[in-house]
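Q: I would like to understand the words used for this model, one term at a time. Please start with the chain itself, then show how each label is earned.

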Amino acid sequence: MMQHSDKFITADRAAAALGVSRATLYAYVSRGLIHTSGAEDDPRRKLYSAHDIETLKKRKSVGRRPGQVAAATLDWGLPVLESSITEIAGGQLRYRGQDALALSQEANLEEIACLLWGCGEANPFEDTKGTPVPWPQSVLIHAADLPLTERCQMLLPLVEAGRMTTWRRDNRRLWSGAAVMLRTIAAACTLRQPETQPVHLSLADAWQADAAGADLIRRALVLQADHELNASAFAVRVVASTGASLGACLNAGLSALSGPMHGGMTSLVERLFDELDRHGDAERVIDERLRRGETIPGFHHPLYPDGDPRAAGLLPHLPPDERREELLHVMNDSAGQLPTCDVALVCLRRSLKLPRGSALALFAIARTVGWIAHALEQKLDDKLIRPRARYVGL
């Protein structure tokens, strides 16, 4: 059960935090700016989302000064770019207005790509131009020793479609090349030649997963396809605004993903589960980490105070696992924190006994779809992204 004391506060505290009257507080609620919940001891008494209140406080503190607005947008702030690709609101994730959880029930990654790229009735994955060219086997052997993101970056320049400059080109001319690059990234992550079958089936073959496992992989890919303006998507859009090739845009996304605060989070979650395997006591492991002043990776997402829907859309479909359930219970019971998609991807990897590193591979492959969507959308804006700096030196 959700711990209200950790996430919701009383009306008096909410109004005081915002410096407004209770009437103004109620007006914020009616406008959908603050979510409420019934108190556990009295469902008729309303409690107010602490996360929403903090968000409103940030907006009020920024005021109308352009410099402060710009600074705030770069730190989990207000939207800095307009986009019609993905919406995160009210605890839901939507791709072009469609609930990502609902889409994950049946759709595959290629169908999500067509949706996010704005292909309409066209399907670039059925176009013969979307068929990738095999790599020399010697290149794959050389790439095998590289970390996953660097491996993809090494192989991408060998894809002719990825080198084509996008500036002044119609997006429709780029779809088939985008399909090639998605298939290329999937192949690079598994050290195989690119294939034309659906990505989730290709991954299942590479990782020797059965039909049920292939469907879980499909579901995970759909749920990870895009996540609005995260660090890697923003990096992609900056590069796309220069008119660079789609390959260059993907290179930027992969570079951002390689950092420990983005794609590296799955490796930290893996280490957490390694500790659980050694000690067999989730409560002890969590308590010792907290005593050392360490954070618990993979729990609590600032955009989802009531839980990451990507994790909620995947974890219930995994085979039962006592250790996983114990960890989720301890984190919710002791800290009121729910798992993020990073935990869900690592749990999927462990459940299917996929190779270590597969959680990051799933993330990178799926997010390639979103990166391409952002690059194509940014290109239509035909403006260079060039923020100003606030000089603070001598």
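A: Let's start with D308, which is found in the loop between α16 (282-291) and α17 (309-312). This is a predicted model, in which local features need pLDDT of at least 70 and side-chain atom pairs count only at pLDDT 80 or more, while totals for chains, interfaces and linings use all residues. Residues are numbered from 1 along each chain as its sequence is written, and side-chain values use heavy atoms, with hydrogens and water left out.

Q: What makes a stretch a helix or a strand here?
A: Both are DSSP runs numbered from the N terminus: a helix is H or I over at least four residues, and a strand is E over at least two.

Q: Why is D308 called buried?
A: Its relative accessible area is 3%. Buried means under 20%, exposed means over 50%, and partly exposed lies in between (1.4 Å probe, protein chains only), so D308 counts as buried.

Q: What makes the pairing of D308 and R310 a polar contact?
A: The term asks for a pair of N or O atoms within 3.5 Å; within protein, one must be able to donate a hydrogen and the other to accept it, and residues adjacent in sequence count only if both atoms are side-chain atoms. The side chains of D308 and R310 are joined at 2.8 Å, so the distance meets the cut-off. The D308 side chain also reaches the backbone nitrogen of C341, at 3.0 Å.

Q: Which residues does D308 touch, and what counts as touching?
A: Contact means heavy atoms within 4.5 Å. Not counting residues up to four places away in sequence, D308 touches H301, P339, T340 and C341.

Q: How do you know that I112 is buried?
A: I112 sits in helix α7, and its relative accessibility is 1%, so it falls on the buried side of the cut-off. Leaving out residues up to four places away in sequence, I112 touches Y95, L103, A107, V222, A225 and V369.

Q: Why does S232 count as buried?
A: S232 belongs to helix α13 (residues 231-240), and its relative accessibility is 0%, so buried is the right word. Apart from neighbours within four places in sequence, S232 is in contact with G253, A256, L257, H262, R367 and W371. W371 is 139 residues away along the chain, with 7.7 Å between the C-alpha atoms.

Q: How do you know that β1 and β3 pair?
A: Two strands pair if DSSP finds at least two bridges between them. With 2 bridges joining β1 to strand β3 (residues 46-49), β1 and β3 therefore pair, and they run antiparallel. In one of the bridges, F8 is partnered by S49 of β3. The open sheet of 3 strands has the order β1-β3-β2, and β1 (8-9) and β2 (36-38) are edge strands, since each pairs on one side only.

Q: What makes β4 and β5 a pair?
A: There are 4 bridges between β4 and strand β5 (residues 92-95), so the rule is met, again in an antiparallel run. I88 stands opposite L93 in β5. The hairpin has 2 residues between the strands, and G90 takes a positive phi near 60° there.

Q: What makes a space a cavity, and how many are there?
A: On a 1 Å grid over the protein atoms alone, a cavity is a set of points where a 1.4 Å probe fits but cannot get out; lining residues have an atom within 4 Å of a point. Points are joined across faces, edges and corners, and a volume is the space filled by probe spheres set on the points. The count comes to 2 cavities of 30 Å³ or more: the largest holds about 50 Å³, and the second largest about 40 Å³.

Q: How do you know which class the residues lining the largest cavity belong to?
A: The lining consists of R183, A186, A187, E195, Q197, V199 and S202. Ala, Val, Leu, Ile, Met, Phe, Trp, Tyr, Cys and Pro count as nonpolar, Asp, Glu, Lys and Arg as charged, and the others, Gly among them, as polar. The lining therefore divides into 3 nonpolar, 2 polar and 2 charged residues. α10 gives the most, with 3 residues.

Technical notes
1 Å grid on protein atoms, 1.4 Å probe; cavity = no way out; pocket = protein on both sides within 12 Å on 5 of 7 lines; lining within 4 Å.
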